[in-house]
Amino acid sequence: MSAAFPARRMRRLRRSDALRRLVAETTLSVDDLVAPLFVREAIDSPVAVPSLPGHVQHTVASLVVEAKRLASLGVPAVVLFGLPARKDATGSGASDPSGIVQVALSELRGHLGEEIVLISDLCLDEYTDHGHCGLIAADGTVDNDATLGRYKEVAVAQAVAGADIVAPSGMMDGQVGAIRSALDASGHTEVAILAYAAKYASALYGPFRDAAGVAIADGGNRRAYQQDPRNVAEALAEVALDVAEGADIVMVKPALAYLDVLARVASSVDVPVAAYHVSGEYAMLKAAAERGWIDGEAVAIEHLVAMKRAGARAILTYLAGEVAEAMNG
Ligand code: PBG
């Protein structure tokens, strides 16, 4: 070997697209995508969400049409968020058998059968008048254990309505164990739990709160129950607890700014790991693309591939529909 040449020529395997495909370590497929969808009670036609371009608050009818479209594109799952017509202190709409998500689940099940996996977000914030993810105690804090009682009721209502998977997102301690026991006790042993296990108190949820109609009372925040962005060991502890309590899938949220967390979680558990590419991440991408500052489609794929590379088995993303379309096209 001559000293004038490098020992190993790394560029040999980068010469053509076919060579690059042959040696690619990561693949992104439509099977990886989960589409978040919003369904709103008491509206006659879909309502656009300006901060989440391309997305709407659906009527039950338009939701069914969109889920059919996603299923025909090969998207394996949707995750549902409900907007009730009325909110109250306990978020009663979340567990009401005729509440918006329960109605939506049974309609989707009726129209789509098992063509697409039905995941329901399990939380109270869309249903409470104060906008917190749990019940408020007399001292004004979010009451962990009282909230678990409500989550059990919501889980059973969603299971009865047809959810394949419930996805607790409130970050209460013990929520996965409480929900698992409520599901099992009511005969829903086959309903799985996708745990928002490492969910950070992020500023990237803004457009979601527009879409879901959530405002936290008195300019409040969720830092007393969601995780501190400065911590990663804590995320591993959260994940270990959720797996021990019976989580079937664990999730890291948000995604891009937390790829280190995702990678560490993926190497620490043997259950599938999901990443939530959240509303603010999507909105930033769309805003820059709209200005012509980045190539939106290329950056979208690069970001999703990065999540796969870091260890995500599934990705919840507002890009699901458009990326599935591109992959089918
Ligand atoms: C809570 C919930 C939130 C999101 C998903 N589930 C909002 C929050 O924690 O405040 C955010 C998702 C996103 O930003 O895309 N029900």
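1. Residues around the ligand. In this predicted model, 19 residues surround the ligand. Lys 199, Arg 209, Lys 253, Ser 279 and Tyr 318 come nearest.

2. Elements in the shell. Strand β9 (192-199) supplies at least two residues of the shell around the ligand. Helix α6 (206-211) also supplies at least two.

3. Polar contacts. Two side chains approach oxygen atoms of the ligand. A polar side-chain atom of Tyr 318 lies 2.6 Å from an oxygen atom. For Ser 279, the distance from a polar side-chain atom to a ligand oxygen is 2.7 Å. Both residues are also among those that come nearest to the ligand. Asp 125 faces another kind of atom: one of its polar side-chain atoms is 2.8 Å from a ligand nitrogen.

4. Cover. How much of the ligand's accessible area does the protein cover? On its own, the ligand has 400 Å² of accessible area, and the protein covers 100% of it. The space that the ligand takes is the largest cavity.

5. Cysteines. How many disulfides are there? The count is zero. Cys 123 is in no disulfide, and its nearest cysteine sulfur belongs to Cys 133, 3.4 Å away. Cys 133 is likewise in no disulfide, with the sulfur of Cys 123 as its nearest at 3.4 Å. A disulfide needs the two sulfur atoms within 2.5 Å, so a pair at a distance of 3.4 Å does not count.

6. Burial of these cysteines. Are Cys 123 and Cys 133 buried or exposed? Cys 123 is buried, at 2% relative accessible area. Cys 133 is buried too, at 1%.

Technical notes
Residues numbered from 1 in each chain as written. Predicted model: local features only at pLDDT ≥ 70, side-chain atom pairs only at ≥ 80, totals over all residues. Heavy atoms only, no water. Buried < 20%, exposed > 50% of the residue type's maximum accessible area, 1.4 Å probe, protein only. Near = heavy atom within 4 Å. Polar contact = N/O pair within 3.5 Å; in protein donor to acceptor, adjacent residues only side chain to side chain. Areas by Shrake-Rupley, 256 points an atom, 1.4 Å probe, with all protein chains shown as cover. 1 Å grid on protein atoms, 1.4 Å probe; cavity = no way out; pocket = protein on both sides within 12 Å on 5 of 7 lines; lining within 4 Å. Sits in = over half its atoms within 2 Å of the grid points. Helix = DSSP H or I, 4+ residues; strand = E, 2+ residues; numbered from the N terminus.
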